Amino acid sequence: MRTAYSVETVRGAEQRLMARLPEGALMQRAAAGLAVTCAQLVGRVYGSRVVLLVGSGDNGGDALYAGARLARRGAGVVAVLLAPERAHAGGLAALVRAGGRTVAPGAAEEVLLRADLVLDGIVGIGGRGGLRPDAARLAGLASDSRGVVVAVDLPSGVDADSGEVRGATVRADVTVTFGAHKPGLLIDPAREYAGAVRLVDIGLGGELPDEAALEALQHADVAALLPVPGAESDKYRRGVVGIAAGSGRYPGAAVLAVAGALRGGAGAVRYVGPASDAVIARFPEVLVSEGGPLKAGRVQAWVVGPGAGDDASAVADVVTADVPVLIDADGLRLVDPEAVRGRRAPTLMTPHAGEAAALLGVPRGEVEGARLESVRELAGRYGATVLLKGSTTLVADSGGGAVRVNSTGTGWLATAGSGDVLSGLAGSLLAAGLSAFDAGSVGAYLHGLAGRLAADGAPVGAHDVAEAVRVAWRDVRG
């Protein structure tokens with residue numbers, strides 16, 4: 001599992017480790033790893049042109065020491081000092097001894113335009129808000145250069161803890177981060193500024209707590225959580241999921257949610273709603289109920305809301321059930337918040353940014369710019385597990401703890417009906433016995449992987465994603 005820790009946690013771990021090491025040893029470890037990555041990126045170090053964008057403090061020191069290592073291998077290294085009087089003294093001396101030179105920000109344009117590699121050491125993990133004008137100008141010049149832009153620890157201008165971007169920011173091709181991932185490297189909008197992220201081990205592992213601020217499931221984690229039927233399994237042991245979805249206007253939502261549930265491993269699907277003819281025509285194995293959810297028969301979990309239109313009756317009935325419930329799409333608009341907060345069985349809510357904004361009573365842009373804060377706020381406010389869909393899918397539990405970020409998403413999933421497939425898929429995992437937190441996390445992982453497998457670089461529809469869920473499942477299981 002990939003984990004990310006808050007700035008406060010990382011700094012505390014660094015302080016404890018530095019107390020046991022010779023002075024400057026931790027910075028030298030970081031600089032050594034940074035220099036190795038830079039050397040790999042430029043290929044031939046001797047004769048390459050490297051520009052360091054150096055702010056004050058330890059982040060600039062990392063860049064200066066790494067630059068000194070590259071200069072000793074024959075690179076032409078120039079450091080642009082934003083605040084010469086506050087540049088890291090040891091790092092600056094090391095660079096000069098190795099043959100590097102310094103220039104003022106006003107002379108940066110010429111050297112940046114000829115650079116093979118630009119090292120962003122302007123602001124460290126403690127930076128807040130966008131860059132100041134002088135630094136913002138350098139960030140723009142770096143973007144215009146032909147060189148590879150490498151961020152030191154994280155791109156200058158992003159918020160390390162939240163992933164928010166509130167102004168001018170360096171856009172890196174590669175970010176070399178030290179000791180542990182920071183949440184902002186895994187969450188949009190900051191994630192898109194980080195490029196490829198490489199982690200340098202500087203020995204913090206033993207100093208970091210067991211619980212991270214953010215975690216991302218990997219293949220092995222998902223494989224361990226997938227419910228696989230045994231010899232004694234029957235449809236009830238595998239999980240029966242109820243789907244209350246669709247309407248006269250949106251019958252396809254019901255078909256896609258059912259498809260997600262069946263491809264997700266449900267032992268059986270009970271369907272309730274006005275789209276029964278369309279569902280049975282596509283999936284004859286589905287059990288259709290003519291009554292409402294309360295008369296549908298035994299289920300281990302419910303999915304309600306996809307394509308429901310304005311009919312709130314099914315949503316109200318499902319929320320009273322004493323089994324896990326997933327609420328999506330129109331269900332999020334129709335459900336009584338007090339009924340959600342009063343539930344004793346697990347609840348999983350799956351809004352996209354627009355639906356989350358409506359639930360929180362804020363503009364959509366506010367959710368998109370502060371995804372981590374928004375998903376935590378929703379989970380706490382509704383007493384539910386919340387899966388916030390988007391360019392980075394986040395899953396937060398109502399009890400707090402680490403938020404999960406999905407690493408498999410793709411822009412090809414931005415297609416009508418894709419969310420309905422995810423609802424059915426996650427609902428089947430709820431019915432199989434996974435917690436709402438695990439069902440949301442595993443469902444998002446498989447859904448993202450299915451989108452990648454179905455698309456393979458070409459446009460797809462939601463039905464293609466549903467069919468690819470089986471392939472994704474097999475891929476994860478190996």
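What percentage of the 478 residues in the protein is buried? Let's answer that in the first legend, then move in on Ala301.

**Figure 1. The whole protein, shown as a predicted model.** Buried residues account for 57% of the 478 residues. The fold is built with 20 helices and 18 strands. Its radius of gyration is 26 Å, close to the 23 Å that the globule rule gives for 478 residues, so the protein is as compact as a globular protein of that length. If you are framing the view, the C-alpha atoms fill a box of roughly 80 × 45 × 40 Å along the principal axes. Of the contacts with a separation of 6 or more, 68% are between residues 24 or more positions apart.

**Figure 2. The surface and charges of the protein.** The accessible surface is about 19100 Å², and carbon and sulfur atoms contribute 48% of this area. There are 46 positive and 50 negative charges, and the mean positions of the two sets lie 5 Å apart.

**Figure 3. A close-up of Ala301 in strand S13.** This strand covers residues 301-304. Ala301 has a relative accessible area of 0%, so this residue is buried.

**Figure 4. The contacts around Ala301.** Setting aside neighbours within four places in sequence, you will find Ala301 in contact with Val240, Val241 and Gly242, with Val323 and Pro324, and with Gly427, Leu430 and Ala431.

**Figure 5. Ala301 and Asn59 in one view.** Here the two residues are 242 residues apart in sequence. From C-alpha to C-alpha, Ala301 and Asn59 are 50 Å apart in space.

Note on methods: Residues are numbered from 1 along each chain as its sequence is written. This is a predicted model: local features need pLDDT of at least 70, side-chain atom pairs count only at pLDDT 80 or more; totals for chains, interfaces and linings use all residues. Side-chain values use heavy atoms; hydrogens and water are left out. Helices (H or I, at least four residues) and strands (E, at least two) are DSSP runs, numbered from the N terminus. The radius of gyration is taken over C-alpha atoms; the globule rule is 2.2 Å times the number of residues to the power 0.38. Buried means under 20% relative accessible area, exposed over 50%, partly exposed in between (1.4 Å probe, protein chains only). Contact means heavy atoms within 4.5 Å. Accessible areas come from the Shrake-Rupley method with a 1.4 Å probe; for residues, only the protein chains shown count as cover. Lys and Arg count as positive and Asp and Glu as negative; His and the chain ends are not counted. The place of a charge is taken as NZ of Lys, CZ of Arg, CG of Asp or CD of Glu.
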